[in-house]
Amino acid sequence: MSQPADPQDAAGRRAAIVDQIRAETGIDEAMIAQLVDGFYDRVRADPLIGPVFNERISDWGPHLEQMRLFWSSVALMSGVYHGRPMPKHLPLPVDARHFDRWLELFEATARDLCPPAAADHFIERARRIAESLELGIAGANGVLLGRGERYLRPTEAWTPID
(Lines give C-alpha, C1' and ligand atoms only; values in the text may rest on other atoms or scores of the structure.)
Protein backbone atom coordinates (compact mmCIF):
# COMPACT_ATOMS: atom_id res chain seq x y z
CA MET A 1 0.00 0.00 0.00
CA SER A 2 1.18 3.46 -0.73
CA GLN A 3 1.51 6.03 2.00
CA PRO A 4 -0.47 9.29 1.75
CA ALA A 5 1.66 12.18 0.57
CA ASP A 6 3.04 14.31 3.37
CA PRO A 7 2.07 17.94 2.66
CA GLN A 8 5.26 19.13 4.33
CA ASP A 9 7.32 16.93 2.01
CA ALA A 10 5.39 18.27 -0.99
CA ALA A 11 5.92 21.87 0.15
CA GLY A 12 9.61 21.18 0.66
CA ARG A 13 9.93 19.64 -2.80
CA ARG A 14 8.10 22.60 -4.35
CA ALA A 15 10.37 25.07 -2.53
CA ALA A 16 13.46 23.19 -3.73
CA ILE A 17 12.21 23.23 -7.33
CA VAL A 18 11.45 26.95 -7.15
CA ASP A 19 14.92 27.63 -5.71
CA GLN A 20 16.55 25.56 -8.44
CA ILE A 21 14.66 27.35 -11.23
CA ARG A 22 15.50 30.73 -9.70
CA ALA A 23 19.20 29.78 -9.49
CA GLU A 24 19.34 28.47 -13.07
CA THR A 25 17.35 31.27 -14.74
CA GLY A 26 17.43 34.31 -12.46
CA ILE A 27 13.63 34.47 -12.61
CA ASP A 28 11.98 36.18 -9.67
CA GLU A 29 8.67 37.93 -9.05
CA ALA A 30 10.08 41.30 -10.15
CA MET A 31 11.19 39.84 -13.50
CA ILE A 32 7.80 38.19 -13.95
CA ALA A 33 6.04 41.51 -13.28
CA GLN A 34 8.30 43.31 -15.75
CA LEU A 35 7.68 40.65 -18.41
CA VAL A 36 3.91 40.58 -17.90
CA ASP A 37 3.57 44.37 -17.89
CA GLY A 38 5.83 44.81 -20.92
CA PHE A 39 4.09 42.06 -22.84
CA TYR A 40 0.59 43.38 -22.24
CA ASP A 41 1.70 46.90 -23.19
CA ARG A 42 2.57 45.40 -26.59
CA VAL A 43 -0.62 43.32 -26.72
CA ARG A 44 -2.87 46.32 -26.12
CA ALA A 45 -1.25 48.19 -29.00
CA ASP A 46 -1.28 45.27 -31.43
CA PRO A 47 -3.76 45.55 -34.32
CA LEU A 48 -4.51 41.81 -34.45
CA ILE A 49 -4.73 40.66 -30.85
CA GLY A 50 -5.16 44.00 -29.08
CA PRO A 51 -8.88 44.23 -29.93
CA VAL A 52 -9.53 40.73 -28.54
CA PHE A 53 -8.17 41.82 -25.17
CA ASN A 54 -9.33 45.44 -25.20
CA GLU A 55 -12.96 44.47 -25.93
CA ARG A 56 -13.02 42.24 -22.84
CA ILE A 57 -10.77 43.95 -20.30
CA SER A 58 -11.65 47.41 -19.06
CA ASP A 59 -9.64 47.37 -15.82
CA TRP A 60 -6.18 46.06 -16.62
CA GLY A 61 -4.89 46.10 -13.02
CA PRO A 62 -6.64 42.91 -11.85
CA HIS A 63 -5.88 41.14 -15.14
CA LEU A 64 -2.17 41.96 -14.90
CA GLU A 65 -2.08 40.77 -11.30
CA GLN A 66 -3.70 37.47 -12.33
CA MET A 67 -1.18 37.11 -15.15
CA ARG A 68 1.72 37.72 -12.74
CA LEU A 69 0.37 34.93 -10.51
CA PHE A 70 -0.17 32.71 -13.55
CA TRP A 71 3.38 33.19 -14.82
CA SER A 72 4.81 32.68 -11.33
CA SER A 73 3.05 29.33 -11.25
CA VAL A 74 4.09 28.46 -14.79
CA ALA A 75 7.69 29.66 -14.67
CA LEU A 76 8.58 28.92 -11.05
CA MET A 77 6.01 26.23 -10.21
CA SER A 78 5.11 28.44 -7.24
CA GLY A 79 1.48 27.30 -7.10
CA VAL A 80 0.14 30.81 -6.48
CA TYR A 81 -2.30 30.80 -9.42
CA HIS A 82 -5.53 28.90 -8.92
CA GLY A 83 -7.53 29.86 -11.99
CA ARG A 84 -8.74 27.84 -14.96
CA PRO A 85 -7.45 29.45 -18.18
CA MET A 86 -9.10 27.12 -20.69
CA PRO A 87 -12.76 28.01 -19.99
CA LYS A 88 -11.86 31.71 -20.19
CA HIS A 89 -10.28 31.27 -23.61
CA LEU A 90 -12.79 28.91 -25.26
CA PRO A 91 -15.31 31.61 -26.30
CA LEU A 92 -12.68 33.95 -27.75
CA PRO A 93 -12.74 34.57 -31.51
CA VAL A 94 -9.14 33.43 -32.00
CA ASP A 95 -7.25 30.89 -34.05
CA ALA A 96 -3.70 29.98 -35.12
CA ARG A 97 -3.04 33.49 -36.44
CA HIS A 98 -3.78 34.99 -33.03
CA PHE A 99 -1.66 32.45 -31.19
CA ASP A 100 1.23 33.02 -33.61
CA ARG A 101 1.04 36.77 -32.98
CA TRP A 102 0.71 36.24 -29.21
CA LEU A 103 3.86 34.10 -29.27
CA GLU A 104 5.70 36.57 -31.49
CA LEU A 105 5.00 39.41 -29.06
CA PHE A 106 5.73 37.25 -26.01
CA GLU A 107 9.03 35.98 -27.39
CA ALA A 108 10.16 39.48 -28.38
CA THR A 109 9.25 40.84 -24.96
CA ALA A 110 11.01 38.00 -23.13
CA ARG A 111 14.15 38.43 -25.27
CA ASP A 112 14.12 42.21 -24.75
CA LEU A 113 13.54 42.16 -20.99
CA CYS A 114 15.02 38.93 -19.62
CA PRO A 115 18.44 37.29 -19.53
CA PRO A 116 18.77 34.50 -22.13
CA ALA A 117 18.22 31.58 -19.72
CA ALA A 118 15.10 33.20 -18.31
CA ALA A 119 13.78 34.15 -21.75
CA ASP A 120 14.27 30.57 -22.97
CA HIS A 121 12.46 29.24 -19.88
CA PHE A 122 9.48 31.56 -20.35
CA ILE A 123 9.29 31.01 -24.12
CA GLU A 124 9.33 27.22 -23.85
CA ARG A 125 6.36 27.37 -21.52
CA ALA A 126 4.54 30.00 -23.59
CA ARG A 127 4.76 27.74 -26.64
CA ARG A 128 3.20 24.86 -24.72
CA ILE A 129 0.45 27.12 -23.38
CA ALA A 130 -0.36 28.46 -26.84
CA GLU A 131 -0.49 24.96 -28.30
CA SER A 132 -2.74 23.72 -25.51
CA LEU A 133 -5.13 26.66 -25.80
CA GLU A 134 -5.29 26.36 -29.60
CA LEU A 135 -6.07 22.64 -29.34
CA GLY A 136 -8.76 23.33 -26.75
CA ILE A 137 -10.37 26.10 -28.79
CA ALA A 138 -10.30 23.95 -31.93
CA GLY A 139 -11.93 21.08 -30.06
CA ALA A 140 -14.59 23.36 -28.60
CA ASN A 141 -15.40 24.38 -32.17
CA GLY A 142 -15.72 20.77 -33.35
CA VAL A 143 -12.29 20.53 -34.97
CA LEU A 144 -9.97 17.71 -33.96
CA LEU A 145 -6.43 18.70 -34.87
CA GLY A 146 -3.84 16.12 -35.81
CA ARG A 147 -0.18 16.45 -34.86
CA GLY A 148 1.21 19.60 -36.45
CA GLU A 149 -2.18 20.84 -37.70
CA ARG A 150 -3.34 24.35 -36.90
CA TYR A 151 -6.78 25.73 -36.20
CA LEU A 152 -8.11 28.42 -38.54
CA ARG A 153 -11.59 29.75 -37.99
CA PRO A 154 -13.82 29.53 -41.03
CA THR A 155 -14.21 32.87 -42.73
CA GLU A 156 -17.28 34.03 -44.53
CA ALA A 157 -16.92 34.57 -48.25
CA TRP A 158 -17.06 38.20 -49.27
CA THR A 159 -19.95 39.13 -51.47
CA PRO A 160 -20.44 42.55 -52.96
CA ILE A 161 -23.39 44.63 -51.86
CA ASP A 162 -25.76 45.31 -54.75
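1. Accessible areas here come from the Shrake-Rupley method with a 1.4 Å probe. With that in hand, look at the surface of this predicted model: the chain exposes about 10,100 Å², and 56% of that area is supplied by carbon and sulfur atoms.

2. Next, the overall build. Counting along the chain gives 7 helices and 0 strands, so the order of elements from the N terminus reads α-α-α-α-α-α-α, with helices and strands taken as DSSP runs. Along the principal axes, the C-alpha atoms fill a box of roughly 70 × 45 × 30 Å.

3. How much of the chain is buried? Of its 162 residues, 38% count as buried. You can also ask how far apart in sequence the contacting residues are. Take the contacts between residues at least 6 apart in sequence: 70% of these join residues at least 24 apart.

4. A word on charge. The chain has 18 positive and 24 negative charges. The mean positions of these two sets are 2 Å apart.

5. Now find the largest pocket, which holds about 580 Å³ of space. Its lining is made up of 23 residues. Those nearest the centre of the pocket are Tyr 40, Phe 53, His 63, His 89 and Leu 92. Two or more lining residues come from each of helix 3 (50-54), helix 4, helix 5, helix 6 (96-113) and helix 7 (116-140). Which helix gives the most to this lining? That is helix 4, with 5 residues.

6. Met 77 deserves a look of its own. You will find Met 77 in the loop between helix 4 (60-76) and helix 5 (85-89). Its phi is near 60 degrees, a positive value in a residue other than glycine. Most residues other than glycine have a negative phi. Is Met 77 buried or partly exposed? The relative accessibility of Met 77 is 42%, and partly exposed covers the range between 20% and 50%, so Met 77 counts as partly exposed.

7. Finally, turn to Glu 134, which lies in helix 7. With a relative accessible area of 6%, Glu 134 is buried, because buried means under 20%. What does Glu 134 touch, leaving aside residues up to four places away in sequence? The answer is Ala 96, Phe 99, Leu 145, Arg 150 and Tyr 151. Try picking out these five side by side with Glu 134 in the viewer as you read.

Technical notes
Residues numbered from 1 in each chain as written. Predicted model: local features only at pLDDT ≥ 70, side-chain atom pairs only at ≥ 80, totals over all residues. Heavy atoms only, no water. Helix = DSSP H or I, 4+ residues; strand = E, 2+ residues; numbered from the N terminus. Buried < 20%, exposed > 50% of the residue type's maximum accessible area, 1.4 Å probe, protein only. Contact = heavy atoms within 4.5 Å. Lys, Arg positive; Asp, Glu negative; His and termini not counted. Charge placed at Lys NZ, Arg CZ, Asp CG, Glu CD. 1 Å grid on protein atoms, 1.4 Å probe; cavity = no way out; pocket = protein on both sides within 12 Å on 5 of 7 lines; lining within 4 Å. Points joined across faces, edges and corners; volume = space filled by probe spheres on them.
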